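Hi everyone, thanks for coming. Let me walk you through a structure that may be new to you.

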Amino acid sequence: MNRELALHTDKYQINMMYAHWVNGTHKRRAVFEAYFRKLPFGNGFAVFAGLERIAGYIRNLRFTEEDIRYLSGQEENYAPAFLEELLQFHFQGTVYSMKEGALVFPEEPLIRVEGTIMEAQLVETAILNFMNFQTLIATKASRIKQVAGDDILLEFGTRRAQEADAAIWGTRAAYISGFDGTSNMLAGRMFGIPAKGTHAHSWVQSFGSEQEAFDTYAKVLPDGVTLLVDTFDTLRSGVPNAIATARKLEAMGKRMNAIRLDSGDLAYLSIQARRMLDEAGLQYVKIVASNDLDENTISNLKLQGAAIDTWGVGTQLITASDQPSLGGVYKLVEIESSNGEMVPTIKISSNPEKVSTPGKKDVYRIIGNSGKALADYISFPDEDILPSGRPLKLFNPLHPYLQKKVDRYESLPMLEPVFVNGLQVYTLPGLDEIRRYHKEQLSLFWPEYLRKLNPEVYRVNLSERVWNKKQELIREHMPADRE
């Protein structure tokens, strides 16, 4: 997990860096912003994650001798002096970022990178890789948490994840959004996430009888007994044998934790298992369910009255199976001119949604008198939007005629300085603090923005200055019509 990642980039980044170096423009200052254009899963919001890994990547960003040897053998035949400069490379730029656990929305900067064009381009691929994946999984986990409510959620996805890094960092992203534990021991050690586990069907199969398997497991681990009851027949074998084991534990002064269901009609089986446990005086024994669960199946099971206390969610979460990628992008928004001034720049596209918003920008969350968020507001850093007795105009950049003025409000800055001139100035919070922040973020929004189905669209507004600059550059760069 701590391997050198300087070459965790696309080759065209190295080629552009080299071309700038040959051209003498590699020290030119530039500003890039990372954002996404469309929310995943049809959700009303996304949950930002990935900053801890991004910060570690930038902090330790170095080219090794092995990296340089590899680059020296590329078909581009990079000049030795360029490769020597890479060997001396240290990131000396400035990075602003949303805090992990923040609720975020389309078209607003989540990360802003300021530095030389050479260093800002180098970090693009890794930043997007870490941000896109972890934000996607954190958002999926948040959707599952919404329907699970106060039930326990366990992340069980390691064996179906796309390799180890996805399993480890996906687990962390899920924990940010409210999951309670994980089956992955390495994630537990690295991040302090509670590690949870029971036993597999193979445990039961390896004994002469299911009862012997349960009793042996309970004898070895009497203080943490959860028994998998569906190896043979859940209601005629598994649950009765688990009840027998629970009574033996009671005779030892112990209590069984739970039974686990991993197949079949989970609603029916859980209801019947709950009845059997209660009739046996085992009301304290919980029911855990797994088997390709996601927010939709959990919601449906709850509507059917399933008697399930804990949900083990694996494949559907860790692979974000219904939308396995977040389309985050990283765009140049400002560049140093020949006279040394920073000039806003724009990307024009025949697809209107791909037209970038020029200039280095800040993001504020506008909180009304109700204590709830009204909108996010994007402005240039030199604009004063703090409450000063003047009204703030909010208008929809897609439909400028939709306008609203607010007189009394609180503006919360959303972008935090993480690196300044190459030095890390932000203390990365612990996971418990990130989880608390995520809950605080959720509390700022009315339920209609958070609901799983057909959420209300939360507005992201541009300041008039940003809007006008965008229109000016569109006119400047669009070719004139010909008669």
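How much of the chain over residues 7–132 is helix, and how much is strand? Over that stretch, helix takes up 42% and strand 17%, with the end C-alpha atoms 19 Å apart; helices (H or I, at least four residues) and strands (E, at least two) are DSSP runs, numbered from the N terminus.

Some ground rules. This is a predicted model, where local features need pLDDT of at least 70, side-chain atom pairs count only at pLDDT 80 or more, and totals for chains, interfaces and linings use all residues. Residues are numbered from 1 along each chain as its sequence is written, and side-chain values use heavy atoms, with hydrogens and water left out.

Now the aromatic rings. Rings of Phe, Tyr and Trp (its six-membered ring) pair if their centres lie within 6.5 Å; planes under 30 degrees apart are stacked, over 60 edge-to-face, and the rest tilted. By this rule there are 16 aromatic pairs. Phe 105 and Phe 445 have ring centres 5.7 Å apart and planes at 40°, so that pair is tilted. These two residues sit 340 apart along the chain, Phe 105 in the loop between strands S4 and S5, Phe 445 in the loop between helices H15 and H16. Both Phe 105 and Phe 445 are buried, where buried means under 20% relative accessible area, exposed over 50% and partly exposed in between (1.4 Å probe, protein chains only).

Next, Tyr 449 and Tyr 458: their centres are 5.5 Å apart with planes at 85°, so they pair edge-to-face. Tyr 449 is buried at 14% relative accessible area, and Tyr 458 is buried at 5%. Finally, ring pairs join Tyr 18, Trp 21, Tyr 78 and Phe 82 into a cluster.
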